[in-house]
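Visitor: I have a structure to look at and a few things to ask about it. Please show it first.

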Amino acid sequence: MARIEYVGHATVVVDLDGVRLLTDPLLRNRVAHLRRTVPVDTKALRGLDAVLVSHGHYDHLDLPSLEKLGKNLPVVVPRGLGGLLRKRRFESILEVDIGETLSIGALSVRTVPAEHDHARGPFGVSAQPLGYVVTGSSSVYFAGDTDLFDGMAGLGEIDVALLPIWGWGPGLGAGHLDPEGAAEAAALIGPRRVVPIHWGTYFPIHLGLRGVPRFVELPPQQFLSAMEKAAPDVDVTVLRPGESTSL
């Protein structure tokens, strides 16, 4: 039995075979100039077994959010980022490279490439971004932040792909999937189901003075339209922040 809960942005609870993993926790209602559309449901954060961090950007490796979860919770990070956690006295840190496989409870977690900026700028550390394939009775691919890359077609059998489809503003920078790019990724990967993530959660405060801006809601509609053309045989489950689905 698998359950996916979209906490928001790139933060997802993967509950599979009695193991609860959390990806890229960003749990604050306000982050710098960004405001959250809905509060975090803290019930989703109970009973976690480990955290998987894809890369060092501040909206994916957010130290205050990790501290909310407790410093004894195991955190898996790309090699080169562990020092940031050790300085804050986290107790269980595992640094990994592309191609490694680790066991967390009954699950196997394999690290795979991601095509994205390496730096935690400005003047921060640099580390290779990763994705993760979590395998038990089902297989779940968490892409982190990535652009299209050749190896997507060789990830293996994937039941559920958690694919980023946007970001937090009206536009996207390099190294991100937009709805059309995410649909191309789905066509390469060939999962049974896609859950779009990295949308609908944060927006710049100055663009939301009269309420949540319209661009926050558009990416899933555009993604569904793109999927009809690029990967019509793949099921899509759209979850809003705080919603979940059983698989």
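Visitor: Which residues in α4 are buried?

Guide: This is a predicted model, in which local features need pLDDT of at least 70, side-chain atom pairs count only at pLDDT 80 or more, and totals for chains, interfaces and linings use all residues. Residues are numbered from 1 along each chain as its sequence is written, and side-chain values use heavy atoms, leaving out hydrogens and water. Buried means under 20% relative accessible area, exposed over 50% and partly exposed in between, with a 1.4 Å probe and protein chains only. In α4, the buried residues are P219, P220, F223, A226 and M227.

Visitor: Why are they on the same side of α4?

Guide: The arc is taken from the directions from the helix axis to the C-beta atoms. The buried residues sit on the same side of α4 because they cover an arc of only 125° around the axis.

Visitor: Which residues are exposed on the other side of α4?

Guide: Helices (H or I, at least four residues) and strands (E, at least two) are DSSP runs, numbered from the N terminus. Helix α4 covers residues 218–230. On its other side, the exposed residues are Q221, E228 and K229.

Visitor: What do the buried residues of α4 pack against?

Guide: Contact means heavy atoms within 4.5 Å. The buried residues of α4 pack against α3 (179–189), β14 (193–197) and β16.

Visitor: Does P241 count as buried or exposed?

Guide: P241 lies in the loop between β16 (235–236) and β17 (244–246). Its relative accessibility is 17%, so P241 counts as buried.

Conventions. The expected span of a helix is 1.5 Å times one less than its number of residues.
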